[in-house]
Amino acid sequence: RSHGYTCEYAVGETVLTTEPIALVTREDDPSWSDFVNWVMLSLMYSENKGITQATVHTTNLLNTDGEVFGPEYASMFKKAVSVVGNYGEMYSRHLESLWPRHALNEINKGETALIMSLPFGNTRT
């Protein structure tokens, strides 16, 4: 509405596209882009593994020992989930009322070829 549009609007029911919607970061800051991507993947991974905002503190699955972004970020994944919850919790809180979660934006648990949570582990090569 800030651009002068004053009429009513609605979100349609027809799926017009199925490509994944990605986070956008600055092109000239690959470290920040990596950081944002890893946090988003941790939220998806947490949902896939059943780790929630309420249970994240009972697991060691999301510790990196500082190997990804340095020691000050060793628990960044756990902190991200503790603040916003896993991907599903975040989706329910902010988007569910606008776009109900259907198969296209569900976490893939092996039944489809849709959103995948990547495995976490040692990132050293």
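Here are some short exercises with worked solutions on the structure above.

This is a predicted model, with residues numbered from 1 along each chain as its sequence is written. Local features need pLDDT of at least 70, side-chain atom pairs count only at pLDDT 80 or more, totals for chains, interfaces and linings use all residues, and side-chain values use heavy atoms, with hydrogens and water left out.

**Exercise 1. The fold and its confidence**

Find how many helices and strands the protein chain has, and where confidence is lowest and highest.

Solution. Start with the elements: the protein chain has three helices and zero strands. Helices (H or I, at least four residues) and strands (E, at least two) are DSSP runs, numbered from the N terminus. Read from that end, the order is α-α-α.

Next, turn to pLDDT, the predictor's confidence in each residue, from 0 to 100. The protein chain averages 77, and 69% of the residues score at least 70. Confidence is lowest in helix 1, with a mean of 86, and highest in helix 3, at 92.

**Exercise 2. The core**

Work out which helix gives the most to the largest nonpolar core.

Solution. First, the term: a nonpolar core is a set of buried Ala, Val, Leu, Ile, Met, Phe, Trp, Tyr and Cys residues joined through side-chain atoms within 4.5 Å. Buried means under 20% relative accessible area, exposed over 50%, and partly exposed in between (1.4 Å probe, protein chains only).

Then look at the members. The largest nonpolar core has 14 residues, and those touching the most other members are Val39, Met40, Leu43, Met44, Met76, Val81 and Tyr87. At least two residues of this core come from each of helix 1 (30-49), helix 2 (76-84) and helix 3 (87-94). Helix 1 gives the most, with five residues.

Finally, zoom in on Val39. Apart from neighbours within four places in sequence, Val39 is in contact (heavy atoms within 4.5 Å) with Met76, Phe77 and Ala80.

**Exercise 3. Two residues of helix 1**

Decide whether Val36 and Asn48 are buried or partly exposed.

Solution. Take Val36 in helix 1. Val36 counts as buried because its relative accessibility is 17%. Leaving aside neighbours within four places in sequence, Val36 is in contact with Leu23 and Thr25. The C-alpha atoms of Val36 and Val24 are 9.1 Å apart, with these positions twelve residues apart along the chain counted as their separation.

Now take Asn48, also placed in helix 1. Asn48 has a relative accessible area of 24%, so it is partly exposed. Its C-alpha atom lies 9.8 Å from that of Glu106, although the two are 58 residues apart along the chain.

**Exercise 4. The surface**

Identify the residues of the nonpolar patch and the partners in the salt bridge.

Solution. Begin with the patch: Val11, Leu95, Leu98 and Trp99 form it, with about 340 Å² of accessible area together. Such areas come from the Shrake-Rupley method with a 1.4 Å probe; for residues, only the protein chains shown count as cover. Patches are made of residues with over 30% relative accessible area and no salt bridge: like charges are joined within 9 Å, nonpolar side chains (Val, Leu, Ile, Met, Phe, Trp, Tyr) within 5 Å. Val11 sits in the segment before helix 1 and is partly exposed, at 39%.

Then search for salt bridges (a side-chain nitrogen of Lys or Arg within 4 Å of a carboxyl oxygen of Asp or Glu). The whole structure has one. Asp28 pairs with Arg26, their closest N and O atoms being 3.0 Å apart, and both residues are exposed.
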